[in-house]
Amino acid sequence: MACIKEPTFKINPKFRLTTRHLSVVWYCVDKLTIECESTVPIPNRFVFRANGSVELVAQYHDGILDMVYHDATNFEPKKIQKWLRELLRDTILRIAKVILPARVKYWEDMKGIHGTGVTVKRLRKNVLGQCSHSNHITLQPFLVIFKQEWADGVILHEMAHYKYKHHRKSFWNFLSILIGEDSKLAKVKDDIAMSPYYNYYLYLTKN
């Protein structure tokens, strides 16, 4: 059997992430400025150094991750790519652990059905969410950088499992009531819409 190679991605100033809960913004400055910035002790500030030189300073605040680099910063080495991906992964996870449980509660209150809690953690590759027999929901962290309607679709799908622990007709009928449209058609539509981005979301949040 042929080995299928996982797609690889580059994180550099051409990388764009602009979502409701997290946006990445890039700034190019001179080398003296970035060296000075790296010495300022500010919470949620992260510094990447290579060969004793500051190459990039990242600063998270209010849903924005500022990436400050200089014109000679080399984004090709594996070391800086690993650092950037882990920074994004950890930032996404931190935001998701706040936003996603709050979004589940919003829909529970709206629909008048409640579970026993929410956990946010990396799941298997093709699993966006799970609902246990005790009605505890587990969600993929990268749902927080989904379009809102995609994330809501996953949340409402898992909430439908509060009542039905299967995917038979009664489940889909109940989910249609929760989302206000044909649930099977909505799932197909959302799956098609998100498929071009799915591997990238996985890459940004892998361990």
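I started with Asp-190, which is buried yet has no salt bridge. Which side chain of opposite charge is nearest to Asp-190? I found Lys-189, at 4.8 Å. The cut-off for a salt bridge is 4 Å, so this pair does not count as one. I am keeping in mind that this is a predicted model.

Next I looked up where Asp-190 sits. It belongs to helix H5, which covers residues 183–205. Leaving out residues up to four places away in sequence, I noted that Asp-190 touches Glu-149 and Trp-150.

Then I turned to the pockets. The largest pocket has a volume of about 670 Å³, and 28 residues line it. Which of these residues lie nearest its centre? My old friend Asp-190 is one of them, along with Gly-153, Val-154, His-157 and Lys-187. I also checked which elements give two or more residues to this lining: strand E7 (129–131), helix H3 (148–160), helix H4 (169–179) and H5. Sorted by class, the lining of the largest pocket came out as 12 nonpolar, 8 polar and 8 charged residues.

Last, I stepped back to the whole protein. I counted 5 helices and 8 strands, and from the N terminus on I read the order as β-β-α-β-β-β-α-β-β-β-α-α-α. The C-alpha atoms fill a box of roughly 65 × 45 × 25 Å along the principal axes. Of the 207 residues, 45% count as buried. For contacts with a separation of 6 or more, I noted that 54% come from residues 24 or more positions apart.

Definitions and conventions:
Residues are numbered from 1 along each chain as its sequence is written. This is a predicted model: local features need pLDDT of at least 70, side-chain atom pairs count only at pLDDT 80 or more; totals for chains, interfaces and linings use all residues. Side-chain values use heavy atoms; hydrogens and water are left out. Helices (H or I, at least four residues) and strands (E, at least two) are DSSP runs, numbered from the N terminus. Buried means under 20% relative accessible area, exposed over 50%, partly exposed in between (1.4 Å probe, protein chains only). Lys and Arg count as positive and Asp and Glu as negative; His and the chain ends are not counted. Contact means heavy atoms within 4.5 Å. On a 1 Å grid over the protein atoms alone, a cavity is a set of points where a 1.4 Å probe fits but cannot get out, and a pocket is an open set with protein on both sides within 12 Å along at least five of seven lines; lining residues have an atom within 4 Å of a point. Grid points are joined across faces, edges and corners, and a volume is the space filled by probe spheres set on the points. Ala, Val, Leu, Ile, Met, Phe, Trp, Tyr, Cys and Pro count as nonpolar, Asp, Glu, Lys and Arg as charged, and the others, Gly among them, as polar.
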